[in-house]
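Reader: Please present the model and explain the terms applied to its ligand site and helix packing.

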Amino acid sequence: MTAVGIDAIEVRTGRLKLDLAETFAPEMGDDPEKYTKGLGLFASSFPDAYEDIVTMGANAAHRLMERKGLEPQDIGRIDVATESAFDNSKPVSTYIAGCLEQVYDGDFHHANKGERKFACISGTQSLDDAVNWILAGRNRGRGALVIATDTALYARDSSGEATQGAGAVAMYITEDPSMVELSTEQGYGSADETDFLKPNQQFPSVDGKRSMQVYLARMREALTDFERAAGDTHPDDYAFIPFHTPFPGMVRKAALLGYRHMIRGTEVEDELAEDIGRQPRRENFDSREEFEEAIKGYVDDLKDTDAYREWYGEAIDPTLDISSQVGNWYTGSVHIARVSALLHAAETDMDLAGQKLLVASYGSGAQAEIHEETVKPGFADEVEALNIDDQIETRQDISFEEYEQIHDRHNHEKSVELEPFTQPDEEFVFDGWGPMNERKYTYIQ
Ligand code: HMG
């Protein structure tokens with residue numbers, strides 16, 4: 001079967017940085033370690049006054065096209081995944097194509113464009129759509145551009161405020177990809193949930209604690225479903241497991257449950273049995289409550305074993321580097337987790353080609369999807385061409401008052417004029433409103 005997957009990736013962060021421990025925690029009256037240790041977050045990215053989901057997406061796509069020497073005629077499909085759209089009809093992909101057409105001679109009239117919505121998981125759904133389009137042989141030799149872009153803002157003083165973020169990931173999907181090949185097996189866990197939603201409103205209605213339970217429940221279902229399709233999983237099968245990362249603390253919880261599931265009935269469970277006993281089995285308990293209590297005890301002990309810590313340090317920790325510095329990017333989040341892991345592998349000269357990733361995506365509302373990817377030999381060259389570390393490093397650090405201004409600036413219900421904090425440089429910028437209330441964009445040289 002033809003190998004199809006991600007040939008190249010670009011990442012674009014919002015240009016402002018809110019330091020959570022130094023700037024946000026004191027204003028909230030919180031211990032900074034609630035953020036750095038509890039949630040695992042150090043900073044959030046925010047868009048400057050001239051940035052939004054279109055500019056971040058277009059700037060990521062532009063850098064990707066330049067780096068890969070692509071022209072519009074090479075791209076047969078542009079899909080944008082976002083939950084921050086500002087138009088119920090015209091998709092963000094048309095705005096992004098319009099931006100790119102300002103800087104290329106050709107156009108994207110031949111390209112099929114769309115917009116995918118299912119909370120954070122739509123980034124992965126768009127990736128799947130692009131892969132399926134190529135596997136179906138409908139691409140006529142062209143690649144697909146998939147862009148996951150979000151400004152993840154919560155209402156001021158709401159529980160999610162600490163987990164905000166803004167950024168875009170652009171991915172180029174082709175046959176014989178340079179970075180990763182996707183497996184055809186997928187597992188799903190999907191249910192009608194109301195943990196996090198935006199019923200015609202910009203900022204989410206969210207039940208934070210419940211959303212974490214729903215995340216874990218859907219992930220468990222997706223892993224079981226994946227195993228139905230692909231056979232049992234084992235922790236040693238995967239070099240890295242990139243998860244949807246609303247904040248690293250969430251992944252800490254999900255990874256522990258995933259590890260417990262994967263080692264059940266294996267030699268790892270046997271080896272650990274001397275120290276922490278065997279995993280509780282449902283048939284040995286009279287009630288579900290007693291069984292769940294026993295599982296909780298087992299998992300608490302498992303967390304402190306050397307085997308688990310070592311596995312977590314190798315397969316999970318490296319996926320969290322970028323996210324801990326930028327916050328939740330919603331649709332892009334699992335894709336920056338993959339980039340983080342691959343960057344770590346390239347920087348530490350890991351021989352990763354041929355090894356597998358287990359990619360665990362999630363979106364509230366709610367659905368989890370798990371699939372496997374095989375790393376290709378070109379991955380190191382691709383991630384080493386990224387400048388995300390520089391982007392993160394050179395963000396403008398904003399004060400709490402400036403954060404309040406920028407939050408208002410991006411609040412659709414307010415029309416706040418604000419002087420930018422940074423100077424745009426060779427990038428697309430938001431440039432005001434057109435006669436039909438459309439947003440306008442310009443490329444600044
Ligand atoms: P909160 O009430 O602000 O925080 O809500 P907390 O009091 O639960 O503390 C957070 C953690 O820090 C806890 O760790 C504390 O113990 C710890 P845990 O017990 O859970 O392991 N902590 C400390 N640690 C060290 N030193 C200290 C300290 N103090 C506390 N001094 C919550 C947290 C996540 C609920 C909130 O931020 C929220 O509502 N976030 C938004 C919803 C969210 O991110 N949900 C995640 C799952 S749903 C999802 O991922 C989908 C999503 O991306 C949307 C989409 O799909 O579109 C959100």
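Author: In this predicted model, α2 (32-39), α6, α7 and β11 (356-363) each supply at least two residues of the shell around the ligand.

Reader: What makes a residue part of the shell around the ligand, and which come nearest?

Author: A residue is counted if one of its heavy atoms lies within 4 Å of the ligand. There are 30 residues around the ligand, and Glu 83, Cys 120, Ser 159, Lys 209 and Lys 253 come nearest. The shell divides into 13 nonpolar, 10 polar and 7 charged residues.

Reader: Why is the approach of Ser 159 to the ligand called a polar contact?

Author: The cut-off for a pair of N or O atoms is 3.5 Å. A polar side-chain atom of Ser 159 lies 2.6 Å from an oxygen atom of the ligand, within that cut-off, and the pair therefore qualifies. The side chain of Lys 253 has an N or O atom 2.7 Å from a ligand oxygen, and that of Asp 31 has one 3.0 Å from a ligand nitrogen; these pairs therefore qualify as well. The protein covers 75% of the 1100 Å² of accessible area that the ligand has on its own.

Reader: How do you know that α6 and α7 are in contact?

Author: Contact requires heavy atoms within 4.5 Å. Residues of α6, including Met 212, Tyr 215 and Leu 216, meet residues of α7, among them Met 250, Lys 253 and Leu 257, and the helices therefore count as in contact. The residues of this contact divide into 9 nonpolar, 3 polar and 2 charged.

Reader: What describes the packing of α6 and α7?

Author: Helix α6 (residues 208-230) and helix α7 (residues 248-263) pack at about 35 degrees, with their axes 10 Å apart. The crossing is right-handed.

Key:
Residues are numbered from 1 along each chain as its sequence is written. This is a predicted model: local features need pLDDT of at least 70, side-chain atom pairs count only at pLDDT 80 or more; totals for chains, interfaces and linings use all residues. Side-chain values use heavy atoms; hydrogens and water are left out. Axes are lines fitted to C-alpha atoms, for helices over the stretch in contact, and angles run from 0 to 180 degrees between N-to-C directions. Helices (H or I, at least four residues) and strands (E, at least two) are DSSP runs, numbered from the N terminus. A crossing is left-handed if the near helix is turned anticlockwise from the far one by less than a right angle, and right-handed if clockwise. Ala, Val, Leu, Ile, Met, Phe, Trp, Tyr, Cys and Pro count as nonpolar, Asp, Glu, Lys and Arg as charged, and the others, Gly among them, as polar. A polar contact is a pair of N or O atoms within 3.5 Å; within protein, one must be able to donate a hydrogen and the other to accept it, and residues adjacent in sequence count only if both atoms are side-chain atoms. Accessible areas come from the Shrake-Rupley method with a 1.4 Å probe; for residues, only the protein chains shown count as cover.
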